[in-house]
Amino acid sequence: MENLRHAVAIVDDDASLRRSLGRLLYAYGFLAEEYASAEAFLARDPQTAIDCLVLDVDLGGMSGIDLQRRLKAEGIILPVIIITALEARSVKAEAEKVGCVAYLQKQFSGAALIAAINKALDL
């Protein structure tokens, strides 16, 4: 399981989805860090290494896109995969504008997410 060295943060306010994605990532050899909000992600221990970010758009507080903007403004460059139930083209355009490497519409397949993470990490 060579991917265990790669930590993927999942930021989604849906606890069951976070758990499911965490189990999926673990099954494929990734370490999964789960956060219920953008604010929780920002409050994490700064020593927690993150290699890729799986980020929901609509988080209830700060949006996923706003989190991505903030990270970039602070010089934190992470590959970001946006996941969302929103179907607005403007949301996808905004996510791409701030630099997401993949945009997945919920209900995406586990294979699609793993492929996006592998691409983001250049595996």
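In this predicted model, Asp 12 is a good place to start: at 0% relative accessibility, this residue counts as buried. The side chain of Asp 12 is not left without a partner, though, as it meets the side chain of Lys 106 in a salt bridge, with 3.0 Å from N to O. Asp 12 sits in the loop between β1 (7-11) and α1 (15-27), while Lys 106 sits in the loop between β5 (102-105) and α5 (110-120), so the salt bridge ties together parts that are 94 residues apart in sequence. Unlike the buried Asp 12, Lys 106 counts as partly exposed, because its relative accessibility is 25%.

Lys 106 also meets Asp 56 in a salt bridge, here with 3.3 Å from N to O. This second pair again links distant parts of the chain, with Asp 56 in strand β3 (residues 52-56) and Lys 106 in the loop between β5 and α5, 50 residues apart. Asp 56 has a relative accessibility of 3% and so counts as buried. Put together, Asp 12, Asp 56 and Lys 106 form a linked network of salt bridges. The backbone has something to show here as well: the peptide bond that runs from Lys 106 to Gln 107 is cis, with omega near 10°. Gln 107 belongs to the loop between β5 and α5.

Across the whole structure, the search turns up five salt bridges. One of them joins the side chains of Glu 74 and Arg 70, at 3.0 Å from N to O. Both partners are partly exposed: Glu 74 has a relative accessible area of 46%, and Arg 70 has one of 37%.

Next comes the sheet. Five strands make up an open sheet in the order β2-β1-β3-β4-β5, and their pairing is parallel. At the edges are β2 (31-35) and β5, each of which pairs on one side only. On average, and ignoring direction, neighbouring strands are turned by 20° against each other. Within the sheet, β3 and β4 pair over four bridges in the parallel sense, and Leu 53 stands opposite Val 80 in β4.

Helices lie across these strands. α1 lies across β1, β2 and β4, and it runs at about 170° to β2. α3, for its part, lies across β3 and β4 and runs at about 145° to β3.

α3 (residues 64-73) deserves a longer look. Its buried residues are Gly 64, Ile 65, Leu 67, Gln 68 and Leu 71. Viewed down the helix axis, these buried residues of α3 fall within an arc of 160°, so they line one face of the helix. This fits a general point: an α-helix has 3.6 residues a turn, so residues three or four places apart point the same way. The cover over the buried residues of α3 includes α2 (38-42), β3, β4 (80-84) and α4 (89-97). Just after α3, Gly 75 takes a positive phi of about 80°.

Among the buried residues of α3 is a polar one, Gln 68, which counts as buried because its relative accessibility is 4%. Leaving out residues up to four places away in sequence, Gln 68 touches Leu 55, Val 80, Ile 82, Ala 95, Val 98, Gly 99 and Cys 100.

What about the nonpolar interior? The largest nonpolar core has 22 residues, and those with the most contacts inside it are Val 11, Phe 41, Leu 53, Leu 55, Leu 67 and Ile 82. Two or more residues of this core come from each of β1, α2, β3, α3, β4 and α4, and α3 provides the largest share, three residues. Leu 55, setting aside neighbours within four places in sequence, is in contact with Val 11, Gly 64, Leu 67, Gln 68, Val 80, Ile 81, Ile 82 and Ile 83. A second, separate core has 19 residues, including Leu 21, Ile 83, Leu 104 and Leu 121. As a general tendency, nonpolar side chains in soluble globular proteins are buried together.

Methods
Residues are numbered from 1 along each chain as its sequence is written. This is a predicted model: local features need pLDDT of at least 70, side-chain atom pairs count only at pLDDT 80 or more; totals for chains, interfaces and linings use all residues. Side-chain values use heavy atoms; hydrogens and water are left out. A salt bridge is a side-chain nitrogen of Lys or Arg within 4 Å of a carboxyl oxygen of Asp or Glu. Buried means under 20% relative accessible area, exposed over 50%, partly exposed in between (1.4 Å probe, protein chains only). The arc is that of the directions from the helix axis to the C-beta atoms. Contact means heavy atoms within 4.5 Å. Two strands pair if DSSP finds at least two bridges between them. Axes are lines fitted to C-alpha atoms, for helices over the stretch in contact, and angles run from 0 to 180 degrees between N-to-C directions. A nonpolar core is a set of buried Ala, Val, Leu, Ile, Met, Phe, Trp, Tyr and Cys residues joined through side-chain atoms within 4.5 Å.
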